[in-house]
Amino acid sequence: MPTKRKEERYEIDLDDGLRRELVGTWVQEKHQRLRYYVDISRAARRKFHGNSTFIDLYCGPGRARIKDTPVIVPGSAVVAASEAARHAAFGKIYIGDISATNLDHCRQRLEQERLSPIIAFEGAAEVTAQAVSRELSPSALHFAFLDPYSVQALPFTVIEALAELPKMDILIHFSIMDMQRNIKALMKAGKLDQFAPGWRDQVDPALRNASALLAVFHYWCGLIRNLGYYVSDNVERVSGTHNQPLYWLVLVSKDKLGERFWDKISNVTPQPRLL
Ligand SMILES: C[S@@+](CC[C@H](N)C(=O)[O-])C[C@H]1O[C@@H](n2cnc3c(N)ncnc32)[C@H](O)[C@@H]1O
């Protein structure tokens with residue numbers, strides 16, 4: 001049987017000789033929500049007079065090309081930083097990635113744009129979240145974007161570490177593509193335990209895949225609420241070109257204002273209520 005060639009995830013951008021990611025069109029929707037949130041929260045940021053940060057612990061290389069098209073888009077950290085710079089720049093930007101190359105290329109691209117001061121942490125988010133959280137000022141306004149490829153790269157300890165800061169809004173990419181297909185295998189292999197510790201006490205592993213996915217998601221939202229967060233029930237569903245669900249974007253904030261902001265910007269297309 002012929003073996004399927006593994007799809008390349010990166011290529012070199014001839015403009016700057018750095019790596020860029022190859023992505024689906026839906027990335028633009030994700031970045032649009034991120035951009036809107038940075039924009040709508042600018043007045044809140046202004047009140048902090050530069051005492052504000054953006055944190056992107058899965059930053060990628062800072063630039064991407066939409067597969068099968070010539071369209072080049074900036075990566076999430078560049079999107080957030082350049083949007084903020086239009087009205088109320090972040091005082092500092094913290095980036096992290098498990099890939100040293102991605103991290104370095106993202107840092108270089110942010111530096112090319114001369115955006116806010118950048119602090120880079122190489123490593124798994126589980127470790128970098130703790131390191132970043134130790135550096136952050138408890139009196140500052142923080143906004144983190146967590147954008148892993150899969151829930152397996154998002155242990156709950158990442159959210160716990162960030163949640164130690166009193167003013168920390170977090171926009172989370174909850175990846176459902178692999179989850180929906182493999183949830184039973186993930187459950188059996190113990191791979192959900194880090195993502196949603198204690199799920200076994202609340203979720204019936206005999207549920208059908210779609211119901212099991214929702215039950216794990218509800219349980220995980222409950223864990224976040226226990227950290228003192230409002231979890232917006234306006235979960236943004238992002239679908240692929242064949243309308244297959246790819247991921248949900250979840251905004252969590254300790255302030256009702258964060259939730260109101262998200263309500264305003266997330267309802268551009270009608271979304272099913274999940275919670
Ligand atoms: C979806 S890409 C990020 C894309 C980027 N946020 C954007 O929108 O431009 C996921 C990134 O997470 C990194 N990664 C994978 N596992 C990780 C982990 N456990 N901790 C931190 N980064 C991880 C990958 O190297 C990759 O760069």
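**Close-up views of the ligand site and the cysteines**

**View 1. Polar contacts between the ligand and the protein.** In this predicted model, a nitrogen atom of the ligand has a backbone N or O atom of Ile98 at a distance of 3.2 Å. Two side chains also supply polar atoms: one belonging to Asn102 lies 2.8 Å from an oxygen atom of the ligand, and one belonging to Asp147 lies 2.7 Å from a nitrogen atom of the ligand. On its own the ligand has 610 Å² of accessible area, of which the protein covers 89%.

**View 2. The shell of residues around the ligand.** The ligand is surrounded by 20 residues, and those that come nearest are His31, Ser76, Asp97, Asn102 and Asp147. Sorted by residue class, the shell consists of nine nonpolar, seven polar and four charged residues. The space that the ligand takes up is the largest pocket of the model.

**View 3. Cys59 and Cys106, a pair of cysteines without a bond.** A disulfide is a covalent bond between the sulfur atoms of two cysteines, and the structure holds zero of them. For Cys59, the closest cysteine sulfur is that of Cys106, but the separation of 3.9 Å is too far for a bond, because a disulfide requires the two sulfur atoms to lie within 2.5 Å. Seen from Cys106, the closest cysteine sulfur is in turn that of Cys59, again at 3.9 Å. Cys59 has a relative accessible area of 4% and is therefore buried, and Cys106, with a relative accessibility of 0%, likewise counts as buried.

Notes:
Residues numbered from 1 in each chain as written. Predicted model: local features only at pLDDT ≥ 70, side-chain atom pairs only at ≥ 80, totals over all residues. Heavy atoms only, no water. Near = heavy atom within 4 Å. Polar contact = N/O pair within 3.5 Å; in protein donor to acceptor, adjacent residues only side chain to side chain. Areas by Shrake-Rupley, 256 points an atom, 1.4 Å probe, with all protein chains shown as cover. 1 Å grid on protein atoms, 1.4 Å probe; cavity = no way out; pocket = protein on both sides within 12 Å on 5 of 7 lines; lining within 4 Å. Sits in = over half its atoms within 2 Å of the grid points. Nonpolar A, V, L, I, M, F, W, Y, C, P; charged D, E, K, R; others polar. Buried < 20%, exposed > 50% of the residue type's maximum accessible area, 1.4 Å probe, protein only.
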